[in-house]
2 protein chains.
Amino acid sequence: MTPRRRPTTPDPAHHENSEAAGPLHELTLRHPAGSTEVLIGPEALETVVSRLTPWVAGRTVFILSSAPVLEHQGERLPPLTQAAARTVTLEAPDGEAAKRLPVAEGLWEQMLATGGKRDSRLIAFGGGTVGDLGGFLAGCFTRGIDYVQVPTTLLAQADAAIGGKTGVDLPAGKNAIGLFHHPHTVVADPRVLATLPLAEWRCGAVEILKIALADDAELFTRVEEFWDGLTRGNVAAAAAVLPEAIAAKVRVVEADPEEGDRRRILNLGHTLAHALEAAGDYRRLRHGEAVAYGLLFALRLAARRGLDADAARRVRHLLGALELPPLPDAPAERLIELMRSDKKARESGLTWVLPRTVGAVDVAVPVPEVEIQQELQAFLAEQTSGVHEEP
Amino acid sequence: MTPRRRPTTPDPAHHENSEAAGPLHELTLRHPAGSTEVLIGPEALETVVSRLTPWVAGRTVFILSSAPVLEHQGERLPPLTQAAARTVTLEAPDGEAAKRLPVAEGLWEQMLATGGKRDSRLIAFGGGTVGDLGGFLAGCFTRGIDYVQVPTTLLAQADAAIGGKTGVDLPAGKNAIGLFHHPHTVVADPRVLATLPLAEWRCGAVEILKIALADDAELFTRVEEFWDGLTRGNVAAAAAVLPEAIAAKVRVVEADPEEGDRRRILNLGHTLAHALEAAGDYRRLRHGEAVAYGLLFALRLAARRGLDADAARRVRHLLGALELPPLPDAPAERLIELMRSDKKARESGLTWVLPRTVGAVDVAVPVPEVEIQQELQAFLAEQTSGVHEEP
């Protein structure tokens, strides 16, 4: 990390919230196929222009984005592709609908028809779904072209854009199809978050809380300090937390680039979350909201396995401040069935990632089926009634 | 390579042609993500059973194959998967129709519905299209599962199954979508070729000739010695040539696993071949037949660039013995247009791989557009009239 203070250039066309300044942080993520540069901070988008000039020069550059992102933040892109021979904008449907194979097929055909070659480039400019789809498009087009992630949500900046996971959904399985394909560069500029809906901020905040709880006690303290701003759309709060949040993710990914073991700590809260998302047809709950419920349930299972009570209290305090949408109307049996068919399941069956204390988790904890059943029923009843029992 | 002589076990249920015996050859292909074991020789399928037992034990094993392969050679498979928890057969449409995204999507859904997980296994049992599709299915299912190639055509054994290339076609581009995903093991047992149609033998022979011409003068002499058997479906001839042919491919792939530069020598004859295949809607010419025409055209372009005349004569002699189907009815302009849109093209334009002598090629040879046009017109006229002009 090389902090560097740079002058502020507030852009009067944007919400004053976007005027946050701060040092530029640079990280390098080393992975089996090379390395990814990660630039973090207000003005990261300006800084990256000169670096990406040789990368785009004389080539066809595909911009994958969605209509709302192009509308709100599209003006930030042209400087990035000035040196390109041609820029072709590919529009992804908004939200999870983007992550479908027929959508990918249509965009690949468009890439081929507009002259895409194996030395063309792609820039994914959007939230997590655009990043996942963009990485997949790049990873499989002519057996792989180079790409850059410019995430535009807090969740994608802190989490989804880091680590090379790409893919699309099948009707029966979220992220069922994809590959590891690391970007050339990730540009996490918090100023693009100024126009992000509050519900999306909340989702990003939850994923940052998750990695802090799983692996970084110091980051957890920082998250507590800035929680109010993170959940209320404050760009300066994002700028304050993102460098350490991304550094935490980079550490975990470097230690286990293809999710053999160590990276599974990031699955904290996700076993139930994926089932909740599926039960609500990916419409009732956003990913981060489902993870918030998943974390609460993980606290519950962990409570009788030695989770320290102070850690549980601190997590509940933060999550309690969120106004989560109600749970989808699915019985425990259905959720358990969905968890079993989750992509992360092994043939050996369901295992859990459970918190031990702030900054540490237990991985691959076996929990008896009957206990899951009972605890999940109790949890659903409690969440529905609004009565939250403290362990 | 560790040659080992093993007893013959002729199988009376098969054509007597399948009774060829011979030593077992073993090669290791090292690639960025690990290594692939390659077993070559009659009885390779029996030998591999004990090695794959721990690999399949207790897991769901998907067999991707096609109806004709299952009909003729299906009985060879069950020993391979005895230790599996479950075997699920996935049927691919026969031929190039298998390599379509909607086909892949349907098979992925089937894999998910039948309990496929990220520690499941896949065995691709068939020709080049089954291998390409199988590698792609494995490469993207839950971001990558392990797989084994059991190629059942001479072309797939000698060429397509070696090197980790996987993928499907788009209507506008053959192999446009895919990734590098190397198999755990490749089993090239020439006995499975006993039921292969003669036209398929010819295709395999042409690809072996190609790699010999491009990179291995000793292999070329061996190909000349066994050409008659190779083009007439003789299993013993395949057994005699395959070990060196595969070793040649392994050397090239190891030197350049992701086709940056060195591996491009394998593109000899393929620039025109892909255009001819596309012009005939992938029905008029088989891949190897198109490559035979592509090689003849490459000789022509190379003639005025110092190709040694004896090499040209030897290649023409071999290819002249083939009864190639007629060329598709496409003018030079159309073929040039198709070559320009080929996946292997770079933004910098068309370049050629041209033979210099037996065992050596020049890569990335620029040929003036006007020369291509003239030579291609003359070539098409000559091939159509049946008059073959010797340079």
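**Exercise 1.** In this predicted model, find which residues Leu80(B) touches, not counting residues up to four places away in sequence.

*Solution.* Start at the Leu80(B) side of the list and apply the contact cut-off, heavy atoms within 4.5 Å. Leaving out residues up to four places away in sequence, you should arrive at Leu45(B), Val48(B), Val49(B), Leu52(B), Val56(B), Ile123(B) and Val150(B).

**Exercise 2.** Now place Leu80(B) in the largest nonpolar core: how many residues does this core have, and which have the most contacts inside it?

*Solution.* The largest nonpolar core comes to 105 residues. Leu80(B) is one of those with the most contacts inside it, together with Leu209(B), Val223(B), Ile246(B), Leu319(B), Trp352(B) and Leu376(B). Next, look at the helices: α8 of chain B, residues 235-255, gives the most to this core, with 12 residues. Finally, look apart from this core and you will meet another, of 104 residues, including Val49(A), Leu154(A), Ile265(A) and Phe379(A).

**Exercise 3.** Describe the interface of chain B and chain A, from contacts to chemistry.

*Solution.* Begin with the contacts: 40 residues of chain B meet 41 residues of chain A. Then take the area, about 3500 Å² buried between the two chains, with 57% of it on carbon and sulfur atoms. For charged pairs, the count is 2 salt bridges. In one of them, Arg118(B) pairs with Glu259(A), with 3.1 Å between the closest N and O atoms. Polar contacts across the interface involve 8 residue pairs. On the side of chain B that touches chain A, β8(B) gives the most, with 7 residues. To finish, sort the residues of that side: 15 are nonpolar, 10 polar and 15 charged.

Notes: Residues are numbered from 1 along each chain as its sequence is written. Chains are lettered from A and ligands numbered from 1 in the order in which they are written. This is a predicted model: local features need pLDDT of at least 70, side-chain atom pairs count only at pLDDT 80 or more; totals for chains, interfaces and linings use all residues. Side-chain values use heavy atoms; hydrogens and water are left out. A nonpolar core is a set of buried Ala, Val, Leu, Ile, Met, Phe, Trp, Tyr and Cys residues joined through side-chain atoms within 4.5 Å. Buried means under 20% relative accessible area, exposed over 50%, partly exposed in between (1.4 Å probe, protein chains only). Helices (H or I, at least four residues) and strands (E, at least two) are DSSP runs, numbered from the N terminus. Buried area is the accessible area (1.4 Å probe) that two parts lose on being put together, summed over both. A salt bridge is a side-chain nitrogen of Lys or Arg within 4 Å of a carboxyl oxygen of Asp or Glu. A polar contact is a pair of N or O atoms within 3.5 Å; within protein, one must be able to donate a hydrogen and the other to accept it, and residues adjacent in sequence count only if both atoms are side-chain atoms. Ala, Val, Leu, Ile, Met, Phe, Trp, Tyr, Cys and Pro count as nonpolar, Asp, Glu, Lys and Arg as charged, and the others, Gly among them, as polar.
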